[in-house]
Amino acid sequence: MAKSFDVVVVGTGPGGYVSAIRCAQLGLNVAVVEDDRPGGVCLNWGCIPTKALLRNAEVLNLVQHASDFGIAVGEVRADYAQAVQRSRGVADRMAKGVEFLFRKNKITLFPGTGTLTNARTVEVKGSAGNETLQAGRALILATGSRPRSLPGVSIDEKLVISSNGAVRNETRPASIVVIGAGAVGVEFADVYASYGTQVTLLEALPRVLPIEDEDASTLITRLFGRRGITIKTGVKVSAVKPGGPGAIVETDGGRFEAQQVLMAVGRAARTDGLGLEAAGVQLERGFVKISPTMETSAKGVYAIGDMAGAPLLAHKAMAEGVVAAEAIAGQHPRPIDYGNVPSCTYCRPQVASIGVSEAKAKENGREVMVGKFPFTANGKAVALGETDGFVKVVADKATGEILGVHIAGPEATEIIHEFAVGRTLEATLEEIMHTIHAHPTLSEAALEATLAALGQAIHI
Amino acid sequence: MAVSKVLMPKLSEAMESGKIIKWLKKEGDRIQAGDILAEVETDKADVEMEAFGAGVLRKILSPAGSTVPVGSLIGVIAEPDEDIAAVASQAGGAPATPAAAAAPAAAAAPEMASRPAAVPPQPRREDPAARTPSPSTGPTAPARVAAAPPAAPATALRPAAAASPAPGDGGRLKASPLARKIAAQSGVDLHVVHGSGPGGRIVRRDVEAASAAPAARPVAVPVAPGVEFEDRPLSQIRAAIAKRMPLSKAPVPHFYVSSEVAMDRGWSLREELNALEGQPKISFNDLVLRACALALLQHPGVNASFQGESIRVFYRAHIGIAVALEDGLITPVLRDVHAKSLGQIATEARDLAERARQRKLRAPEMSGATFSISNLGMFDVTEFSAIINPPEGAILAVGSVRTIPVVTADGLGVGRRMMLTLSCDHRVMDGAMGARFLQDVKRLLEEPLRLLV
């Protein structure tokens with residue numbers, strides 16, 4: 001006997017659970033299907049648990065440098081297994097939070113694997129039995145993504161691990177080769193290096209954090225180098241095989257040996273076995289093709305989050321979830337501005353950006369003014385003892401339009417939102433300039449970078 | 001805290017009085033600066049009136065439904081314990097302050113409310129130069145506009161960018177800072193831009209769309225020769241001057257060319273067209289509109305505007321259609337007439353005229369014409385000369401279609417004739433140019449099948 005709902009959401013990651021809640025808020029009767037714990041990769045295996053691990057790394061670093069503050073702590077011992085356990089605890093708590101939100105919003109959770117048999121029907125195969133769910137109004141697909149590997153290299157989660165393995169392994173290797181220096185690779189390199197693992201970070205593109213502004217890449221390269229992390233950029237991995245201390249990574253720039261290899265080359269949409277063909281949902285370059293309201297090629301079938309394409313970020317998935325829900329409820333949601341999605345990497349120091357890099361702005365033919373302000377000249381940063389990094393503002397020379405902002409430094413991922421709001425409101429440098437920033441704060445660096453772009457920086 | 005007078009604001013350049021549709025605050029309500037006090041109907045639109053002073057709305061002097069001149073005292077804001085008798089007694093339709101009395105000269109002045117104590121009466125002259133905003137405070141000082149952007153700082157921005165355009169004439173103009181700057185640089189008048197952002201806010205894409213449509217861009221006003229010019233956005237004051245100066249007709253050296261058009265074939269064509277079922281009724285004016293649009297494309301020199309050091313020639317025909325209202329005249333603009341069929345022209349022109357009479361035109365529909373037509377045929381006017389509506393370069397005055405004796409090859413016959421008189425800006429064109437244009441309009445109307453192809 002099929003069960004009927006207005007909306008059936010497949011997947012409960014940040015895209016899925018947000019869209020389900022928004023649908024429920026709009027008076028729709030919602031079912032969600034999940035083959036893992038609610039919360040998806042983000043809460044269980046990605047964003048949240050890694051932030052817990054990175055916090056451990058940060059605390060460890062702080063304690064190791066306690067003498068800088070005149071605090072004697074004696075011998076510092078850090079148990080990596082306990083760091084992972086704490087991280088799992090954080091993930092569990094957040095996943096329970098999602099379950100609570102489902103109950104609160106009267107959303108029915110069906111544990112199991114969902115398969116579409118047509119554009120309105122989902123067959124759920126679960127441990128507790130099978131169900132057929134009918135979606136009266138719409139289906140929302142939000143099955144996310146999974147780590148990708150390189151051709152010829154299989155992720156066995158022993159010798160070659162993915163972020164999924166890395167986040168739950170309670171033992172850390174003595175040495176590791178991290179393939180891919182995007183956000184995931186850089187964050188794990190930071191965690192492992194902080195705990196004493198010998199890290200080699202490989203990147204095929206010419207620099208680490210290749211999507212960020214070059215200044216941020218340069219800074220992270222320098223600071224990681226100082227922490228003993230080996231970085232090789234512009235190298236292509238040709239093979240990964242067992243040998244040496246564990247694995248041997250062959251590249252066009254030499255051989256690298258380590259106990260383990262972390263594959264962090266990117267993620268692929270998780271769509272196999274979902275029944276997209278049966279529902280008439282088309283793909284485009286491996287991701288589901290969507291309209292500005294997230295509708296797929298099949299009417300009434302929506303796709304959001306990682307499976308619907310770049311950028312593969314939880315906050316973009318959540319925003320898409322809201323748009324899809326509101327469109328399904330007959331509202332006219334404001335389309336997502338994909339040019340205004342913040343990008344954040346939580347290594348030490350953090351890197352955050354919005355808009356385009358200086359190079360990209362120039363490539364786009366814009367005449368730019370650029371302002372850069374180092375945290376060494378920011379009182380709060382000096383007081384914190386966190387002076388690495390800068391705020392860099394790239395603006396249109398004629399109008400002061402904020403084209404891009406790039407921050408490396410303490411709490412960069414928080415400071416960036418000033419510019420996210422500014423860009424949404426179409427503020428120009430003048431409005432940022434005329435906004436009084438509290439003193440002393442790290443955000444003053446945002447003001448000073450703005451002033452610097454206008455040739456009026458005070459504190460440098 | 002001083003007593004604040006609430007005065008009937010001047011919400012558009014041409015506004016002389018306003019009707020209070022309704023008060024959104026009642027006596028006794030506490031008012032913050034920026035609160036919407038009332039809705040006011042002006043000659044062109046319904047506008048929300050913002051409070052400038054803070055306090056309690058102590059007295060409403062003009063009830064909903066009343067029409068009062070600009071500058072009249074319509075309410076009083078003060079603290080509960082303040083004596084307002086002296087202020088309230090000034091009510092009675094007469095403009096309450098010298099500043100308000102001079103309102104026509106101060107179109108840019110946001111006279112939403114003024115506190116006489118803070119507003120020394122300034123001597124005013126009718127000399128336009130006297131209307132230039134001065135840095136000193138006074139009733140016209142932009143600093144009194146609540147929505148005014150901060151004064152332009154000394155920045156690396158180009159001067160044009162730094163000069164953020166002032167918001168609407170008293171009415172708050174909602175536009176993003178970036179939209180304002182791009183508008184300033186591309187010469188787009190934000191008042192004619194439709195806002196697509198939240199709550200009708202004008203955002204970047206709206207300005208870009210407006211500046212991409214060349215004729216939607218208001219052109220600079222005609223200016224006296226001998227000065228250096230460039231296409232620059234108009235300040236509110238300049239816009240007001242630009243509107244008023246030509247009223248004297250002096251700055252635009254008009255000349256006139258007239259021609260009589262045989263409308264016999266046009267008459268039969270129109271009858272045939274109007275006999276078709278399911279087709280919109282075509283008027284003579286629609287035929288003239290179509291003929292002018294086609295001729296304007298052939299004679300861009302007539303579809304042109306004087307720009308000081310250059311003449312701006314338009315390649316699209318946006319034609320203003322003078323519509324008589326009970327108490328005045330309004331000229332809604334039919335865009336891209338050259339690209340429209342007679343049926344389309346008929347439908348859209350009628351819609352514009354009807355909405356003009358109901359005062360339901362949207363701002364973009366009231367500006368951006370490259371040429372205008374004024375038709376007094378329905379009043380049985382044989383011929384007349386119209387005054388050019390700057391910055392347009394010409395206007396066509398259309399008389400009635402008369403049945404008169406005409407000389408034909410066979411002798412004396414009866415014909416239908418219509419007089420056309422083209423008023424031309426001599427700075428833009430010469431007599432021959434205007435005459436050739438008129439000749440083409442005449443030919444199109446006399447061989448009206450050309451209007452259908």
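## Helix packing and a sheet: worked exercises

H3(A) crosses H6(A) with left-handed geometry. Keep in mind that this is a predicted model.

**Exercise 1.** Work out which residues make the contact between H3(A) and H6(A), and how the two helices are oriented.

*Solution.*
- Start with the helices themselves: H3 covers residues 47-64 of chain A, and H6 covers residues 183-194 of chain A.
- Next, the geometry: they pack at an angle of about 40 degrees, with axes 9 Å apart. Angles that fall between 35 and 65 degrees count as oblique, so H3(A) is oblique to H6(A).
- Now look at the contact. H3(A) brings A:Thr50, A:Leu53, A:Leu54, A:Ala57, A:Leu60 and A:Asn61, while H6(A) brings A:Glu187, A:Asp190, A:Val191 and A:Ser194.
- Sort those by class and you get five nonpolar, three polar and two charged residues.

**Exercise 2.** Do the same for H3(A) and H4(A): find the crossing angle, the hand and the contact residues.

*Solution.*
- H4 is residues 80-104 of chain A, and its axis comes within 8 Å of that of H3(A), crossing at roughly 145 degrees.
- Check the hand: this crossing is right-handed, whereas H3(A) passes H6(A) in a left-handed one.
- On the H3(A) side, pick out A:Ile48, A:Pro49, A:Ala52, A:Leu53 and A:Asn56. On the H4(A) side, pick out A:Ala83, A:Arg86, A:Ser87, A:Arg88, A:Val90, A:Ala91 and A:Met94.
- The class tally is eight nonpolar, two polar and two charged residues.
- One residue to highlight is A:Leu53, which takes part in the contact with H6(A) and also in the one with H4(A).

**Exercise 3.** Switch to chain B and trace the six-stranded sheet: what is the strand order, and which strands stand at the edges?

*Solution.*
- Read across the open sheet and the order is S9-S18-S17-S16-S12-S15, with mixed pairing.
- S9 (254-262) and S15 (333-334) of chain B each have a single partner strand, so they stand at the edges with one side lacking a neighbour in the sheet.
- Zoom in on S17 (residues 394-408) and S18 (residues 411-425) of chain B: they pair in the antiparallel sense over 13 bridges. To find your place, use B:Thr403, whose bridge partner in S18(B) is B:Arg416.
- Finally, add the helix. H10 (residues 431-446) of chain B packs on the sheet and touches S9, S17 and S18 of chain B. The direction of H10 makes about 20 degrees with that of S9(B).

**Exercise 4.** Put chain A in context: how many helices and strands are there in chain A?

*Solution.*
- Chain A has 14 helices and 24 strands.
- For burial, 50% of the 460 residues of chain A count as buried.

How values were computed. Residues numbered from 1 in each chain as written. Chains lettered and ligands numbered in written order. Predicted model: local features only at pLDDT ≥ 70, side-chain atom pairs only at ≥ 80, totals over all residues. Axes fitted to C-alpha atoms, helices over the stretch in contact; angles between N-to-C directions. Helix = DSSP H or I, 4+ residues; strand = E, 2+ residues; numbered from the N terminus. Parallel < 35°, antiparallel > 145°, perpendicular 65-115°, else oblique. Left-handed = near helix turned anticlockwise from the far one by under 90°. Contact = placed C-beta atoms within 7 Å. Nonpolar A, V, L, I, M, F, W, Y, C, P; charged D, E, K, R; others polar. Pairing = 2+ DSSP bridges. Buried ≥ 20, exposed ≤ 12 C-beta atoms within 10 Å, placed from the backbone.
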